[in-house]
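Please take a guided walk with me through the structure in your viewer. At each stop I'll suggest what to select and tell you what is there.

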Amino acid sequence: MSRLVRFVFAGGIGFAADAAALWLLLTFTPLGPFAARVLSIGFALCVTWQINRHLTFAPSRRGMAREGARYGGVGIATSIVNYLVYSAILLALPAAPPLAALAIASLAAMALSFLGYSRLVFDR
């Protein structure tokens with residue numbers, strides 16, 4: 001159970017990094033909400049990998065490069081789910097704020113992320 005609490009904590013920090021990057025990209029670049037979200041997801045993945053590696057699960061025995069590749073693979077798969085939910089919300093509800101869509105999409109992808117990271121990346 002404590003691992004799950006640490007994962008939610010790491011996810012909260014990742015969400016804040018994602019939301020901050022999205023807000024900055026939407027505010028200071030000509031990028032729209034769909035292109036900006038791709039970049040913000042990538043940034044959040046880098047942040048959460050380090051937090052999950054050192055706080056939630058501990059480094060795997062695979063070495064950093066293999067672990068990073070596996071983390072990226074799971075992260076990309078769950079990010080696709082996250083991005084699809086985010087996009088569906090914005091397309092179905094054009095007046096929805098992108099940050100609200102990000103919050104809902106992130107919650108939808110959280111369980112999938114925990115299962116993937118705990119079973120495929122940091123398994124013992």
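The tour goes from the whole chain to a helix, a surface patch and a single residue.

**Stop 1: the whole chain**

Start with everything shown as a cartoon, and keep in mind that this is a predicted model. You should find four helices and zero strands, following the pattern α-α-α-α along the sequence. Turn the chain along its principal axes, and the C-alpha atoms fill a box of roughly 45 × 25 × 20 Å. How does the radius of gyration agree with that of a compact globule? For 124 residues a compact globule would come near 14 Å, and the chain has 15 Å, so the two agree.

Now switch on a surface. Its accessible area comes to about 6700 Å², and 77% of that belongs to carbon and sulfur atoms. Of the 124 residues, 39% count as buried. If you display contacts between residues at least 6 apart in sequence, 69% of them join residues at least 24 apart.

**Stop 2: helix α2**

Hide the surface and select residues 33–56, which make up helix α2. Which of its residues are buried? Show side chains for Ala-36, Arg-37, Ser-40, Ile-41, Ala-44, Leu-45, Thr-48, Trp-49, Ile-51, Asn-52, Arg-53 and Thr-56. Colour the other helices too, and you can see these buried residues packing against α1, α3 and α4 (98–121). Following α2 you meet Ala-58, whose phi is positive, near 80°.

**Stop 3: a nonpolar patch**

Bring the surface back and select Trp-23, Leu-24, Phe-28 and Leu-99. Together they form a nonpolar patch with about 440 Å² of accessible area. Which helix gives the most to this patch? Select residues 2–28: this is helix α1, and it contributes three residues. Trp-23 is found in α1, and its relative accessibility is 45%; because partly exposed covers the range between 20% and 50%, Trp-23 is placed there.

**Stop 4: Val-85**

For the last stop, select residues 64–92, helix α3, and pick out Val-85 within it. Is Val-85 buried or partly exposed? At 25% relative accessibility, Val-85 counts as partly exposed, since that value is not under the 20% needed for buried. Leaving aside residues up to four places away in sequence, Val-85 touches Ala-105 and Ala-108. To finish, draw a C-alpha to C-alpha distance from Val-85 to Ala-69: they are 16 residues apart in sequence and 24 Å apart in space.

Terms used
Residues numbered from 1 in each chain as written. Predicted model: local features only at pLDDT ≥ 70, side-chain atom pairs only at ≥ 80, totals over all residues. Heavy atoms only, no water. Helix = DSSP H or I, 4+ residues; strand = E, 2+ residues; numbered from the N terminus. Buried < 20%, exposed > 50% of the residue type's maximum accessible area, 1.4 Å probe, protein only. Contact = heavy atoms within 4.5 Å. Patch = residues over 30% accessible without salt bridge, like charges linked within 9 Å, V, L, I, M, F, W, Y side chains within 5 Å. Areas by Shrake-Rupley, 256 points an atom, 1.4 Å probe, with all protein chains shown as cover. Salt bridge = Lys/Arg side-chain N within 4 Å of Asp/Glu carboxyl O. Rg over C-alpha atoms; globule rule 2.2 N^0.38 Å.
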